[in-house]
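The following report considers how the helices of one protein chain are arranged and how its nonpolar residues are grouped. The reader may wish to keep the model open while going through the text.

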Amino acid sequence: MCEYCGCRSIELIGRFTEEHYSVIDRLGDLGRAVATGDLDTVGHAGVELANLLWPHTKAEEAGLFHEMRKDEDFTETIDSLCREHASLDDQLERVLDGNLEEYPAFEKALRNHIDHEENGLFPAAAVSIDGDTWETINQLTHDYDHAAGIEHAHGEHGQGLGERAHAH
């Protein structure tokens, strides 16, 4: 994952990047579980991954993707990333259903998807989105976090990202 362009200094992109690290950690757990062939272990590891991945992708779509899609230069990319989200959901469901032979394709697709965001969309967002749009994105993401009960932080204005994390 990229660490060079500075886009992670934008709090929301930093959050999504940290979530990617957690997702990759849980992906490793799932891979090790799949290697055992034990369906209970796979189920537990898969649910742990799903509990991180699914709220993460929905939060991306609710704010960042929603606003970036409005720019015709990004519409096709955003639509492609949303299709990837849906495909990843389907692939993970099949692994959770015991189709362990699906895991290698799922792992590759997830790693490629994260690469598309980390080395494509996030740097592009950092250079193309203005302050007012970031405020809108932060508000949309914050509203989604509240509605979905996702733990998040509040900044000095009581919304978006900042110092104090809490769950609802």
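The report turns to the helices and cores of this predicted model, and then to a single glutamate.

The largest nonpolar core holds 19 residues, and within this core Leu30, Leu49, Phe106 and Leu110 touch the most other members. At least two residues of this core come from each of the four helices tabulated here.

| Helix | Residues |
|---|---|
| H1 | 11-36 |
| H2 | 39-68 |
| H3 | 72-96 |
| H4 | 103-128 |

Helix H1 gives the most to this core, supplying six residues. Apart from this core lies another one, made up of 18 residues, including Leu12, Ile13, Ile78 and Phe122.

The surroundings of leucine 49 can be described in detail: when residues up to four places away in sequence are not counted, leucine 49 touches Val23, Arg26, Leu27, Leu30, Leu92 and Phe106.

Helix H1 itself comprises 26 residues and reaches 38 Å from its first C-alpha to its last, which is close to the 38 Å expected at 1.5 Å a residue. After H1 comes glycine 37, which has a positive phi, near 75°.

Is glutamate 135 buried or exposed? Glutamate 135 counts as exposed because its relative accessibility is 54%, and exposed residues are those over 50%. This residue is found in helix H5, which covers residues 131-148. Although glutamate 135 and glycine 63 are 72 residues apart along the chain, their C-alpha atoms are separated by 9.9 Å.

Methods:
Residues are numbered from 1 along each chain as its sequence is written. This is a predicted model: local features need pLDDT of at least 70, side-chain atom pairs count only at pLDDT 80 or more; totals for chains, interfaces and linings use all residues. Side-chain values use heavy atoms; hydrogens and water are left out. Buried means under 20% relative accessible area, exposed over 50%, partly exposed in between (1.4 Å probe, protein chains only). A nonpolar core is a set of buried Ala, Val, Leu, Ile, Met, Phe, Trp, Tyr and Cys residues joined through side-chain atoms within 4.5 Å. Contact means heavy atoms within 4.5 Å. The expected span of a helix is 1.5 Å times one less than its number of residues.
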